[in-house]
Amino acid sequence: MLIFGERINGMFTDIGDALRNKDPKPIQYWAVKQQEGGAHYLDVNSGPAIPTHERVEAYEWMVNVIQEVSELPLVLDSTNYDAIEAGLKVCKRPAIINSCPAEQVKIERVFPMAIQYNAGIIGLTMDKKGIPKDAENRVAFAMELVAAADEYGVPMEDLFIDPLILPVNVAQEHAPEVLESLRQVKMLANPAPRTVLGLSNVSQKSPDRNLINRTYMAMAIASGLDAAIMDANDDDLVDVAATCQILLNRSVYADSYLKVFRAR
Amino acid sequence: MSVTLVKEKYSSKVGEVVLGATAEQGGTRTTTITVGGDSALPFLHFEGETKNRPVIAMEVTDVVPAWNEMIMNQIGDVINDPAAWAKKCVDDFGADLIYLKLNGADPEAENRSPEDCARIVKDVLAAVGVPLIVEGCDDSEKNNEIMAVIAEAATGENLLIGIAEQDNYKSIAAAAMVHKHTLIARSPLDINICKQLNILINEMGLPLNKIVIDPTVAGLGFGIEYVYSIMERARLGALANDKMLSMPIICTVGYEANRCKEAYASNEEFPGWGDLADRSVLWEAVTASGVLQVGASILVMRNPAAVSVVKKNIADMMGK
């Protein structure tokens, strides 16, 4: 189970301010803190804090300041592919591109870029029309992304299918459909593509966010989830991820397994 | 019709551990030995590298052991002198390194002092140029006393010292750390304790590349299948990047195989079992080659004739 730390995102006030003021400290603080929490990768997203025309420069800067303090690989998160490419150019370790929907034009932009920079891809099970309601259509989009990986020569384990979870307080019917999608995506190819969720989305604006996050994550891992963009400093949540590794017999049990799971 | 071999891909490999130290490295060994580093299951050369050949440590004891005659006769008079015995193992029997077992320290036996034990270690170090493994007796409290003194007396030699166990690891781990030795971590055929002990030792500050796993083994016919399954689990863990199971493995096959009745019972007692002279050698050699197949890096052996057979087996498996 891979943890992609979500905290370096311009939607958070401290990061947004840091981006506007070119102050590396808050970004570096969260890079280190998320690594200590148990993150395997750091998601990097400028959010709306930076005007579109300045994003290329902003991503290059963010990657550089993070790499000054952390060895973790990065997940470059933007809808602006030129910004992602600017970040990929300065990444010291193979990164992941976040994200690419099942749309031909975007596939043609993203997949060759992934090959060029030896990067992974998060593929979204949606197109221009939006997110499907049911598992069947999610899996159909996943199949298009799997076919694209095959066509462009992206190794299947470098493709992370994201079946897109929505907030449970407004779109409750999606939660089981996403679990079913995870199960089916794992059967699309051999080796199977990997899977990822933007986990915190499931609990948006609910009072019991942490409980919902960790309950859903355990269910999703059992259904085939390999990675989550999540709060790497929610200790209970990270403990659940570690415990799932044990209960699914993916890691050998030892009394100190929680501590070892966080060692990087 | 052509057949494509199905190959497993692994994300990691077994850690490498260096035993012994030359003069430049602060010791007095003429050579060092590196074990581990494999990136696939043993000897599957088409899937990954078996980086370092498994090695054989021959067992030498500080008091004359009660071993069967077939082994005693091959060793000869030097059995009374650990240093000369060690030298014969290296010069005549081709041992890669020496495993010195200090049974004489046992309070129930000679009750040798830590200083006496350290002197024996120094004598053996002086007699041979190969790296040395040193284990104490069967009394854990006494072992803590003698290993502290031995570790200090042999500072810088990078001995492989043992043993650390879950309920008694701190003292010997500290001795290894302070005096720059490598440590044997023994678990009782239990993969979970094996991993936990490595974690505990590592938490004290001993680096992972200074630890060797002793999973406890069994002789052929006495549970070797279970040993195999435990070792296989550890190896697959190492290859899947479980750093706390990624250390090379040492197996005390000579001790275990020669405890089996088949290795020493006379022809008269069991006429149907075949000639003891062959049986004795084979029991140890087959036990050794069994654990080799699942990732033993260091074999601790007794019978020189069995050593000879296993050396050939290792060379064959390495394809050299």
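This is a short walk through a predicted model, mostly about chain B, with a brief look at chain A at the end.

Let me begin with the overall build of chain B, which holds 10 helices and 10 strands. For its 320 residues the globule rule gives a radius of gyration of 20 Å, and the value for chain B is 19 Å, close to that figure, so chain B is as compact as a globular protein of that length. If you turn the C-alpha trace of chain B onto its principal axes, it spans about 70 × 55 × 35 Å.

Turning to the inside and the outside, 55% of the 320 residues of chain B count as buried. Among the contacts in chain B with a separation of 6 or more, 69% are between residues 24 or more positions apart. The area that chain B exposes is about 13300 Å², and carbon and sulfur atoms supply 52% of that area. As for charge, chain B carries 43 negative and 28 positive side chains, with the centres of the two sets 7 Å apart.

Now to the annotations, both of which come from unreviewed UniProt entries. For chain B, the record lists residues 16-252 as "domain: CO dehydrogenase/acetyl-CoA synthase delta subunit TIM barrel". In the model, that span is 36% helix and 17% strand, and its end C-alpha atoms lie 20 Å apart. For chain A, the record places "domain: Pterin-binding" on residues 1-248. There the chain is 48% helix and 17% strand, while the end C-alpha atoms of the span are 11 Å apart.

Notes: Residues are numbered from 1 along each chain as its sequence is written. Chains are lettered from A and ligands numbered from 1 in the order in which they are written. This is a predicted model: local features need pLDDT of at least 70, side-chain atom pairs count only at pLDDT 80 or more; totals for chains, interfaces and linings use all residues. Side-chain values use heavy atoms; hydrogens and water are left out. Helices (H or I, at least four residues) and strands (E, at least two) are DSSP runs, numbered from the N terminus. The radius of gyration is taken over C-alpha atoms; the globule rule is 2.2 Å times the number of residues to the power 0.38. Buried means under 20% relative accessible area, exposed over 50%, partly exposed in between (1.4 Å probe, protein chains only). Contact means heavy atoms within 4.5 Å. Accessible areas come from the Shrake-Rupley method with a 1.4 Å probe; for residues, only the protein chains shown count as cover. Lys and Arg count as positive and Asp and Glu as negative; His and the chain ends are not counted. The place of a charge is taken as NZ of Lys, CZ of Arg, CG of Asp or CD of Glu. UniProt positions are given in the numbering used here, feature names are shortened, and annotations may be inferred rather than shown by experiment.
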